[in-house]
Amino acid sequence: MESKKPIFVTSPLLPELKNFIPLLEDIWEKKWLTNNGQYHQKLEKALCTFLGVSQLSLFTNGTIPLLTALQTLELKGEVITTPFSFVATSHAIVLAGLKPVFVDIDPITGNLDPSKIEAAITKNTSAILPVHVYGNPCNTEAIEKIARKNNLKVIYDAAHAFAVKINGKSILHEGDLSTLSFHATKVYNTIEGGALICHDTDTKHKIDRLKNFGITDEVTVVETGTNGKMDEVRAAFGLLALELVPDAIAKRKKIVEIYRTLIDSIPGIRYIPDMENTSHNYAYFPIFIDKEIFGISRDELYFALQKEGIHGRRYFYPLITSFPMYKDMPSAVPSNLPVATKLAEEVLCLPIYADLKLEEVERIVHAIKNRGTKA
Ligand code: T4K
């Protein structure tokens, strides 16, 4: 029986309502609600400055920019990607009329394993679409080398990697294009929202056209674009939420430090350590349960914690490759993806958000420890 307030895997970062109301009044007064309005323009600029990038296009969520990225690069054939992600990553490939080819992941980070990519390249491969899973940067150097050698484009799904930097430089500079999600569950949110980051103005113009049906003027449509536009209300919300991000990341970091210290004493549970020269955003806190050492399986722990009101999530279980539209593809067979198959069975993302109280972190780890038969 639940005796305490439930703790969910995340809780959205919300600006104060009293600060939002004047912006809403302004929008109401101007009667300009969407289609590149003033708040949309302000937020694009503010995000470029905050993230340290030169070209960013706002979107209505984090899925449409993936589709638009694939359209922008006019890709054909096959796209190499990861099975260990949210299903939006591979759905976007299929929606763009392309074929996903799944490659296994790194056992420590869960990111696409560069050493497995070349074996999956065929004459039909046009791009690689890796994910910076949990906000931990992919091995971008190795991926870049493979892409250059084989004349492939690279699109990073950076949905989890808002504000992540290596050696002080945003990881959004990597690859040809990167996408972000600003969903309510992310480190930074605009309720629903997202962005596509490119490196030059011509590409940005093309992206902006594609997210507006491919329209160039009142009487001209040049591409089969979609509707990916963010409206004024969410752009205004996003301007206020952006101010809260540095403090939110600092609080997340502290929470992760406490989690790690407490978890270090539990046999059979590991977490992903910080990466060298990387400024992390602590978007997720995944732990991996080794049943043989811990004593019970991930699923047993997951359901036991739920009974105590602790609602972690098994991101990313089931693997994308187990869903019906992918499971019969040759690259989807579990024997091709042994690491991803194992991690999907072991992973549990514990609650993490800026307002999570330190007593709650202690309560969560205590509940985990109590379940381990060998702790
Ligand atoms: N690429 C990657 C790698 C992604 O992870 C995602 C999205 C995308 C692309 C696509 O981006 P978007 O098109 O979504 O912008 C969530 C999110 O809906 C999804 O954005 C995210 N990844 C995925 C990893 O997680 P669910 O189904 O787990 O969300 P849900 O509704 O179960 O929420 C989780 C918990 O968060 C709830 O138990 C309580 C809390 N919550 C949630 C919402 C929506 C709140 O407290 N308030 C809220 O408003 O998918």
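**Notebook: sheets, helix packing and unusual backbone**

I began with strand 7 (residues 165–166) and found that two bridges join it to strand 14, the two running antiparallel. I took helices (H or I, at least four residues) and strands (E, at least two) as DSSP runs numbered from the N terminus, and I called two strands paired if DSSP finds at least two bridges between them. I kept in mind that this is a predicted model, in which local features need pLDDT of at least 70 and side-chain atom pairs count only at pLDDT 80 or more, while totals for chains, interfaces and linings use all residues. Residues are numbered from 1 along each chain as its sequence is written, and side-chain values use heavy atoms, with hydrogens and water left out.

**The three-stranded sheet**

I noted that I166 stands opposite T278 in strand 14. The open sheet around this pair has three strands in the order 8-7-14, with antiparallel pairing. Its edge strands are strand 8 (169–170) and strand 14 (278–279), each of which pairs on one side only.

**The seven-stranded sheet**

I then looked up the other open sheet, whose seven strands follow the order 2-10-9-6-5-3-4 with mixed pairing. Strand 2 (55–59) and strand 4 (99–102) stand at the edges with a single partner strand each, so one side of each has no neighbour in the sheet. I recorded an average twist of 25 degrees from one strand to the next.

Within this sheet, strand 6 (residues 153–157) and strand 9 (residues 177–181) pair in the parallel sense over three bridges, and I found L177 in strand 9 to be the bridge partner of I155. Helix 5 (residues 140–150) packs on the sheet, touching strand 5 (125–129) and strand 6, and its direction makes about 150 degrees with that of strand 6. For such angles I used axes that are lines fitted to C-alpha atoms, for helices over the stretch in contact, with values from 0 to 180 degrees between N-to-C directions. Helix 2 (residues 38–51) lies across strand 2 and strand 9, running at about 130 degrees to strand 2.

**Helix 3 against helix 6**

I next checked helix 3 (residues 64–72) and helix 6 (residues 201–210), which pack at an angle of about 125 degrees with their axes 10 Å apart. That makes helix 3 oblique to helix 6, on a scale where angles under 35 degrees count as roughly parallel, over 145 as roughly antiparallel, 65 to 115 as roughly perpendicular and the rest as oblique. The contact (heavy atoms within 4.5 Å) is made by T68, Q71 and T72 of helix 3 and by T203, K206, I207 and L210 of helix 6.

**Helix 9 and the backbone list**

In helix 9 (residues 298–307) I found R298, L301, Y302, A304 and L305 buried, where buried means under 20% relative accessible area, exposed over 50% and partly exposed in between, with a 1.4 Å probe and protein chains only. Helix 9 is followed by G309, whose phi is positive, near 80 degrees.

I listed two cis peptide bonds: one joins Y315 and F316, with omega about 10 degrees, and one joins Y317 and P318, with omega about -5 degrees. F316 is in the loop between strand 16 and helix 10, and P318 is found in the loop between strand 16 and helix 10.

K31, although not a glycine, has a positive phi of about 55 degrees, and at 70% relative accessibility K31 counts as exposed. Y282 is likewise not a glycine and has a positive phi of about 55 degrees, but Y282 is buried at 8% relative accessible area.
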